[in-house]
Amino acid sequence: MVGNPNVIGPRVKMSVSTNAFVSKILRSVSKQEGFHFYLDIGEPAGETAVSLADFAEKMDTVDVRAVNFHYPRKDFEKWILEVIGDAELGSRLNMISRIHTGTKGEALRNRVIRVVKVRLSEIKPSPSATSKPPVFGATSGTGRKRELLYRYEKVFII
């Protein structure tokens, strides 16, 4: 079985071509290429998403009528496939209607947002190796470090 080279899972090491694919998916597009939310035909919602992250944010705040209008028409899938270039995410969005038949409103909105956010978490590059790891026991002057040290000493002294 041969895997699709355009599908990136959470445990796949990124090659140079995969990095280019991820960069393409995570990029911002022009406002003209963005996803323009509508409440109905000829009735714009006044919101345009220009990236997947922006799409998830706008989905959270746009009038729910826009979600109910676009989803059955497969507008989200088409934009994600044709403009963003992520066939895997388009397929996952399509699965919502197959698994959760008749879902509308807030439930549909939440499912779409969750699917997009999961996909984003899978493909976002990990923090650079040069970033510093968090320091254990560091505080912002709250005295928490002293309390942790006291507990540590108490446990091991007794």
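**Entry 1: K78**

I began with K78 in this predicted model, and I found K78 in helix α4. Is K78 buried, partly exposed or exposed? Its relative accessible area is 43%, so I wrote down "partly exposed", since that class lies between 20% and 50%.

Next I looked for what K78 touches. Setting aside neighbours within four places in sequence, I found K78 in contact with R73 and V83. I also checked G90, which is 12 residues from K78 along the chain. The C-alpha atoms of K78 and G90 are 7.2 Å apart.

**Entry 2: K74**

I stepped back along the chain to K74, in the loop between α3 and α4. Its backbone caught my eye: phi of K74 is near 65 degrees, a positive value, and K74 is not a glycine. This residue comes just after α3. I put K74 down as partly exposed because its relative accessible area is 35%.

**Entry 3: helix α3**

That led me into α3 itself, which covers residues 64–73. Which residues of α3 are buried? My list reads A66, V67, F69, H70 and Y71.

Then I asked what covers them. I noted that the cover includes the strand β1 (35–40). It also includes the helices α2 (52–61), α4 (75–84), α5 (87–99) and α6 (105–123).

I looked at the N-terminal end of α3 too, and D63 caps it. A side-chain oxygen of D63 lies 2.8 Å from the backbone nitrogen of R65.

**Entry 4: H70**

H70 deserved its own page. It is found in helix α3. Why does H70 count as buried? Its relative accessibility is 3%, and the cut-off for buried is under 20%.

What does the side chain of H70 reach? One of its polar atoms lies 2.8 Å from the backbone nitrogen of Y38. Leaving out neighbours within four places in sequence, I listed the contacts of H70 as F35, H36, F37, Y38, D75 and F76.

**Entry 5: F37 and the nonpolar core**

F37 was on that list, so I followed it. Again without neighbours up to four places away, I found F37 in contact with P44, A45, G46, E47, A49, F55, K58, M59, V62, A66, H70 and F76.

I then turned to the largest nonpolar core, which has 31 residues. Which members touch the most other members? They are F37, F55, F76, L93 and V112. The elements giving two or more residues to this core are α1 (16–26), β1, α2, α3, α4, α5 and α6. Among these, α6 gives the most, with 7 residues. I added a reminder from class: in soluble globular proteins, nonpolar side chains tend to be buried together.

**Entry 6: I113**

For a residue in α6, I picked I113. It counts as buried because its relative accessibility is 8%. Which residues does I113 touch, not counting those up to four places away in sequence? I found A56, M59 and D60. I113 and A56 are 57 residues apart in sequence, yet their C-alpha atoms are 5.4 Å apart in space.

**Entry 7: the largest pocket**

Now for the empty space. Rolling a probe the size of a water molecule over the atoms shows where empty space is left. The largest pocket has a volume of about 180 Å³, and 13 residues line it. Which of them lie nearest its centre? I noted Y71, P72, T103, K104 and L108.

The elements that give two or more residues to this lining are α3 and α5. The largest share, 3 residues, comes from α3. By type, the lining divides into 4 nonpolar, 6 polar and 3 charged residues.

**Entry 8: the whole chain**

Last, I zoomed out. How many helices and strands does the chain have? I wrote down 7 helices and 2 strands, in the order α-β-β-α-α-α-α-α-α along the sequence. The chain has 158 residues, and 32% of them count as buried. I also looked at contacts between residues at least 6 apart in sequence: 58% of these join residues at least 24 apart.

Notes:
Residues numbered from 1 in each chain as written. Predicted model: local features only at pLDDT ≥ 70, side-chain atom pairs only at ≥ 80, totals over all residues. Heavy atoms only, no water. Buried < 20%, exposed > 50% of the residue type's maximum accessible area, 1.4 Å probe, protein only. Helix = DSSP H or I, 4+ residues; strand = E, 2+ residues; numbered from the N terminus. Contact = heavy atoms within 4.5 Å. Polar contact = N/O pair within 3.5 Å; in protein donor to acceptor, adjacent residues only side chain to side chain. 1 Å grid on protein atoms, 1.4 Å probe; cavity = no way out; pocket = protein on both sides within 12 Å on 5 of 7 lines; lining within 4 Å. Points joined across faces, edges and corners; volume = space filled by probe spheres on them. Nonpolar A, V, L, I, M, F, W, Y, C, P; charged D, E, K, R; others polar. Core = buried A, V, L, I, M, F, W, Y, C linked by side-chain atoms within 4.5 Å.
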